[in-house]
Amino acid sequence: MKDDRTLTAFLEGQVTKENILFAEPMSKHTSFKIGGPARIFVRVPSSEALRACLRYLGQTGQEYFILGKGSNLLVGDRGYNGVILQMTDELCDIQVDGQRIIAGAGASLPLVTQEAAKAGLSGLEFAAGIPGSLGGAIVMNAGAYDGEMKQVVENVTVYDRMGEEMNLDNATMEFGYRTSIIKDRPFAVSRVTMKLTPSDPRKIRDQMEEYNRRRREKQPLEYPSAGSTFKRPEGHFAGKLIMDAGLRGLRVGDAQVSEKHCGFIVNIGNASAEDVKELMEEVQERVRKQLGVRLEPEVICLGDF
Ligand SMILES: Cc1cc2nc3c(=O)[nH]c(=O)nc-3n(C[C@H](O)[C@H](O)[C@H](O)COP(=O)(O)OP(=O)(O)OC[C@H]3O[C@@H](n4cnc5c(N)ncnc54)[C@H](O)[C@@H]3O)c2cc1C
């Protein structure tokens with residue numbers, strides 16, 4: 001395709017050839033281990049390259065998607081006919097500066113929490129077992145155990161569709177339950193400053209270990225999933241509603257409502273995106289009919305199903 005030749009020539013000026021992948025299976029990049037091929041998958045190593053890519057894609061009107069660690073994502077079996085951008089190298093670095101942590105959006109969130117613990121900085125313990133990137137956690141305002149990213153974020157550097165830089169403070173981020181101003185906008189988070197509180201590193205580590213122990217006990221971590229499938233409806237818990245509707249263990253193909261925690265749909269073998277989507281719809285329909293509550297997906301769907 002002529003379009004792709006021009007795009008590829010541009011990308012080769014920004015990143016090395018090995019970092020441009022064609023028809024890359026998204027099942028390799030999602031915690032569900034599901035998803036067809038991305039037309040072009042680019043690993044972007046620096047802020048400059050990221051800005052240039054966004055500017056080019058914006059100016060040429062091409063569809064793109066910023067991928068974190070793919071831990072809240074269901075990609076269709078027919079893949080994604082656009083450009084996937086994933087941050088690497090400089091965009092994953094983590095620095096500690098007094099009470100602050102300044103890190104690239106591609107950094108692993110569990111790794112950021114480890115660095116905080118090492119530096120004796122408290123406030124991110126809740127995030128120790130959330131398997132995403134820092135950028136994904138900002139976009140989703142990830143949270144657990146009464147903590148959420150909103151509580152620690154001071155400043156977020158973002159690039160818009162034309163690669164223009166913006167620095168957004170906590171209030172401007174409009175953090176809400178599993179959402180922020182970035183969700184549903186074509187912006188890329190590149191860097192995050194978090195302000196934490198000095199504390200005893202051992203106490204921080206013990207708290208993180210306790211939260212991780214609770215996760216291992218309650219969550220089906222032995223199977224691929226994207227975490228909680230649905231958002232918590234006001235006044236309810238999605239997992240409890242699904243259990244009360246008698247849907248524990250319900251299957252479509254190899255997609256299953258987890259036996260261990262009904263709030264998770266798990267891939268128990270070779271589930272397709274279609275299986276997961278069908279199961280999600282079945283669960284929504286039966287919970288609505290039996291209990292009168294609408295479940296809204298937390299998992300983000302991408303591409304062609
Ligand atoms: C076992 C398990 C447990 C989980 N537990 C929790 C939990 O306790 N709490 C919780 O909140 N979540 C939980 N999750 C869900 C998931 O880990 C979080 O939503 C996480 O924040 C997603 O980050 P990610 O990097 O994987 O994002 P992705 O899944 O890659 O993407 C999610 C969204 O963020 C966007 N995005 C990612 N990075 C950027 C960026 N740099 N710039 C702009 N947009 C970006 C994507 O475009 C997409 O819209 C869990 C998931 C699993 C598999």
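Helices and strands here are DSSP runs, numbered from the N terminus; a helix needs at least four residues and a strand at least two. With that naming, Tyr145 falls in the loop between β9 and β10 (147-148). The model is predicted.

Start at that loop. Tyr145 has a phi near 45 degrees, a positive value in a residue other than glycine. Tyr145 is partly exposed, because its relative accessible area is 28%, and the partly exposed class runs between the 20% and 50% cut-offs.

Now step back to Asn141. This residue sits in the loop between α4 and β9. Its phi is also a positive value, near 45 degrees, and Asn141 is not a glycine. Is Asn141 buried or exposed? Asn141 is buried, since its relative accessible area is 0%. Buried means under 20%.

The elements on either side of Asn141 lead to the ligand. Which residues lie closest to the ligand? They are Ile66, Gly68, Ser71, Ser133 and Gly143, out of 35 residues that surround it. Backbone atoms make polar approaches here. A polar backbone atom of Gly68 is 2.8 Å from an oxygen atom of the ligand. Gly70 also places a polar backbone atom 2.8 Å from a ligand oxygen. At Val189, a backbone N or O atom lies 2.8 Å from a nitrogen atom of the ligand. The protein covers 92% of the ligand's accessible area, which is 980 Å² for the ligand on its own.

Several elements build the shell. Those giving two or more residues are β3 (64-67), α4 (134-140), β9 (143-144), β13 (188-195) and β15 (225-228). Which of the elements gives the largest share? That is α4, with 5 residues. By residue class, the shell holds 19 nonpolar, 13 polar and 3 charged residues.

Turn next to strand pairing. Strand β1 (residues 20-25) runs antiparallel to strand β2 (residues 37-44), and 5 bridges join them. One bridge pairs Pro25 with Pro37 in β2. Strand β2 also pairs with strand β5 (residues 80-87). This pairing is parallel and has 6 bridges. Within it, Ala38 has Tyr80 of β5 as its bridge partner.

Further along the chain, look at Thr157 in strand β11 (residues 153-159). Thr157 counts as buried because its relative accessibility is 12%, below the 20% cut-off. Its side chain has a polar partner. A contact of 2.9 Å joins the side chains of Thr157 and Asn167.

Met173 comes next, in the loop between β12 (165-169) and β13. How buried is a residue in this loop? Met173 counts as buried, because its relative accessibility is 0%. The C-alpha atoms of Met173 and Glu154 are separated by 9.8 Å, and the two residues are 19 residues apart along the chain.

Finish with the cysteines. How many disulfides does a search of the whole structure find? The search finds 0. Two of the cysteines can be placed by accessibility. Cys262 is buried, because its relative accessible area is 6%. Cys301 is partly exposed, because its value is 36%.

Notes
Residues numbered from 1 in each chain as written. Predicted model: local features only at pLDDT ≥ 70, side-chain atom pairs only at ≥ 80, totals over all residues. Heavy atoms only, no water. Pairing = 2+ DSSP bridges. Near = heavy atom within 4 Å. Polar contact = N/O pair within 3.5 Å; in protein donor to acceptor, adjacent residues only side chain to side chain. Areas by Shrake-Rupley, 256 points an atom, 1.4 Å probe, with all protein chains shown as cover. Nonpolar A, V, L, I, M, F, W, Y, C, P; charged D, E, K, R; others polar. Disulfide = S-S within 2.5 Å. Buried < 20%, exposed > 50% of the residue type's maximum accessible area, 1.4 Å probe, protein only.
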